[in-house]
Amino acid sequence: MNREDCLRLDAADPLAPLRAEFTVPDGLYLDGNSLGVLPRRTPAKIADLVERQWGEGLIASWNTEGWFERSQSLGDRVAPLIGAGPGEVVVCDSTSVNLFKTLAAALRLRPGRRVIVVERDTFPTDLYIAEGVAGLFPGVRMRELADGIDEDVAVVLLSHTDYRTGAVHDMKAVTQEAHRHGALALWDLCHSAGALPVDLTGAEADFAVGCTYKYLNAGPGAPAFLYAAARHHEAADQPLTGWFGHSRPFDFVPGYAPAQGITRFLAGTPALVAMAAVDAGLEIFESVDLAEVRAKSLAMTDLFIELTAGLPGVELVTPVPHERRGSQVSLRHPDAHAIVQALIARGVVGDFRAPDVMRFGFTPLYLRHVDVFDAAEALSEVIRDGAHRDPRFSARGKVT
Ligand SMILES: Cc1ncc(COP(=O)(O)O)c(C=O)c1O
Ligand SMILES: Nc1c(O)cccc1C(=O)C[C@H](N)C(=O)O
């Protein structure tokens with residue numbers, strides 16, 4: 001495929017008009033899988049929250065603006081993106097904190113079982129939280145997925161799409177395998193939500209968490225989401241028992257009594273200013289067909305894989321089969337870090353993940369096929385010309 005072919009694809013792309021919804025930076029930004037770009041409507045949303053709702057409405061806005069229910073109402077808008085039903089998702093806290101709550105709740109739903117199944121190459125916060133939670137439950141320990149699921153396992157905690165490789169698990173098959181042994185399945189959807197259709201209900205997943213600042217474009221540190229299947233609400237017992245999860249928070253009584261439904265997964269006062277950006281990011285998705293997002297994502301990653309195949313020293317890490325691939329392409333190279341730096345110096349922003357992986361995220365809402373072509377050209381040029389050998393690119397600074 002040549003550049004003209006890409007321009008033709010862009011002219012026929014049903015998602016092309018959405019690019020105008022975003023402040024797309026100059027150059028090529030292929031890091032939307034780490035931090036999505038700014039939607040044009042976000043500053044006005046935040047300004048309205050701050051100046052009108054807070055500045056003018058003050059305390060009354062808790063009622064008049066629906067602040068009290070904002071975690072649940074935003075959760076209901078995340079739900080269709082991840083195959084959840086109404087009342088099964090809340091937006092609150094960070095992914096790490098939501099992992100803590102759901103993991104502990106899962107262990108309490110499976111008393112006597114001593115194993116949390118994880119993958120050692122997963123995004124480390126998942127492992128750190130699992131370690132922390134395990135430490136609170138006597139006898140509980142972690143086990144590698146490859147070592148199997150059996151009747152000792154309380155919960156299987158996996159990233160649906162792997163942050164480093166872009167590999168996607170078969171959510172339904174793994175969840176079924178967990179259930180066959182009486183274990184629960186908890187999915188980290190950080191690299192899936194908004195990138196590809198997810199069907200938590202169809203997979204009969206038990207719990208899920210994920211962030212809103214990648215493909216959902218809600219900005220740095222935006223609150224995360226938490227899913228708990230409705231069938232677990234009654235019995236679920238999460239340990240961050242703050243007043244927002246209480247059944248009658250304004251009775252101000254001692255003694256915790258969990259709220260009904262998904263609300264019991266809340267802890268403290270939600271970050272309303274930051275949630276205005278979640279609102280903006282989700283609004284854009286209301287007019288988006290995720291099947292179209294997926295089709296374009298696969299076309300873009302296919303193209304990048306095709307155009308970078310055979311580059312000297314480069315090895316494809318991301319799986320080739322579509323059903324196993326997220327919305328990024330990861331390539332291994334011994335000089336991965338320097339190459340990424342050389343690309344950034346040319347305005348092509350991907351990122352590096354230790355020890356030797358270059359990641360390129362493809363976000364169908366605001367990237368074009370021609371961007372994929374130009375990024376692959378830039379990568380080929382850097383490697384062919386040895387531009388990354390410039391000493392400027394050899395220093396390892398702080399990596400994001
Ligand atoms: C798979 C995965 N889980 C969790 C996180 C982050 O969690 P938190 O938002 O709590 O920093 C990330 C990225 O930062 C991630 O890629
Ligand atoms: N959450 C991040 C942050 O607070 C600072 C820098 C990067 C991030 C990330 O999101 C990293 C990302 N999860 C990754 O896949 O590498």
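Helix α5 lies across β5, β7 (153–159), β8 (184–188), β9 (207–210) and β10 (224–228). Its direction makes about 170° with that of β9. The model is a predicted one.

**The seven-stranded sheet**

The strands under α5 belong to an open sheet of seven strands. The order is β4-β10-β9-β8-β7-β5-β6, and the pairing is mixed. The edges are β4 (89–92) and β6 (141–144), and each of these strands pairs on one side only. From one strand to the next, the twist averages 20°.

At the β6 edge, strand β5 (residues 115–118) pairs with β6 in the parallel sense. Four bridges make up this pairing. In one of them, V117 has R143 of β6 as its bridge partner.

A further helix, α6, lies across β5, β6, β7 and β8. α6 runs at about 175° to β5.

**The ligand shell**

Which elements give two or more residues to the shell around ligand 1? There are 13 residues around ligand 1, and S94, T95, S96, F123 and C190 come nearest. The elements that give two or more residues to this shell are α5 (95–109) and α6 (124–136). Both helices also lie on the seven-stranded sheet: α5 crosses β5, β7, β8, β9 and β10, while α6 crosses β5, β6, β7 and β8. By class, the shell holds five nonpolar, six polar and two charged residues.

**Helix pairs**

Two packed helices are described by the angle between their axes and the distance between the axes. Three pairs are listed here.

| Helix pair | Angle | Axis distance |
|---|---|---|
| α4 (70–82) and α9 (272–285) | about 30° | 11 Å |
| α2 (42–56) and α9 (272–285) | about 145° | 8 Å |
| α10 (290–308) and α12 (369–385) | about 25° | 9 Å |

Helix α9 appears with α4 and with α2. Take α4 to begin. The angle between α4 and α9 is about 30°. α4 and α9 are therefore roughly parallel to each other. Their crossing is left-handed. On the α4 side, the contact is made by R70, L74, R77, V78 and L81. On the α9 side, it is made by L272, M275, V278, D279, L282 and F285. The contact of α4 with α9 has eight nonpolar, no polar and three charged residues.

Now α2. This helix passes α9 in a right-handed crossing. α2 contributes T42, K45, I46, L49 and V50 to the contact. α9 contributes L272, V273, A276, A277, D279 and A280. The classes here are eight nonpolar, one polar and two charged residues. L272 and D279 of α9 take part in the contact with α2, and they also take part in the contact with α4.

**The four-stranded sheet and its helices**

An open sheet of four strands has the order β11-β12-β15-β14. Its pairing is antiparallel. The edge strands, each pairing on one side only, are β11 (315–316) and β14 (351–353). Two bridges join β11 to strand β12 (residues 328–332), and these strands run antiparallel. L316 stands opposite L331 in β12.

Helix α10 packs on this sheet. It touches β11, β12 and β15 (357–361). The direction of α10 makes about 25° with that of β12.

α10 also packs with α12, at an angle of about 25°. α10 and α12 are therefore roughly parallel to each other. The crossing of α10 and α12 is right-handed. From α10, the residues in contact are M300, L303, F304, L307 and T308. They meet H369, V372, F373, A375, A376 and L379 in α12. How many residues of each class does the contact of α10 with α12 have? It has nine nonpolar, two polar and no charged residues.

**Backbone details**

Two loops hold backbone features to check by eye. A cis peptide bond joins A354 and P355, with omega at about 5°. P355 lies in the loop between β14 and β15, two strands of the four-stranded sheet.

E204 has a positive phi of about 55°, although this residue is not a glycine. E204 sits in the loop between α8 (200–203) and β9. β9 is also one of the strands that α5 lies across.

Note on methods: Residues are numbered from 1 along each chain as its sequence is written. Chains are lettered from A and ligands numbered from 1 in the order in which they are written. This is a predicted model: local features need pLDDT of at least 70, side-chain atom pairs count only at pLDDT 80 or more; totals for chains, interfaces and linings use all residues. A residue is near a molecule or strand if its C-beta atom, placed from the backbone, lies within 6 Å of it. Ala, Val, Leu, Ile, Met, Phe, Trp, Tyr, Cys and Pro count as nonpolar, Asp, Glu, Lys and Arg as charged, and the others, Gly among them, as polar. Axes are lines fitted to C-alpha atoms, for helices over the stretch in contact, and angles run from 0 to 180 degrees between N-to-C directions. Angles under 35 degrees count as roughly parallel, over 145 as roughly antiparallel, 65 to 115 as roughly perpendicular and the rest as oblique. A crossing is left-handed if the near helix is turned anticlockwise from the far one by less than a right angle, and right-handed if clockwise. Two residues are in contact if their C-beta atoms, placed from the backbone, lie within 7 Å. Two strands pair if DSSP finds at least two bridges between them.
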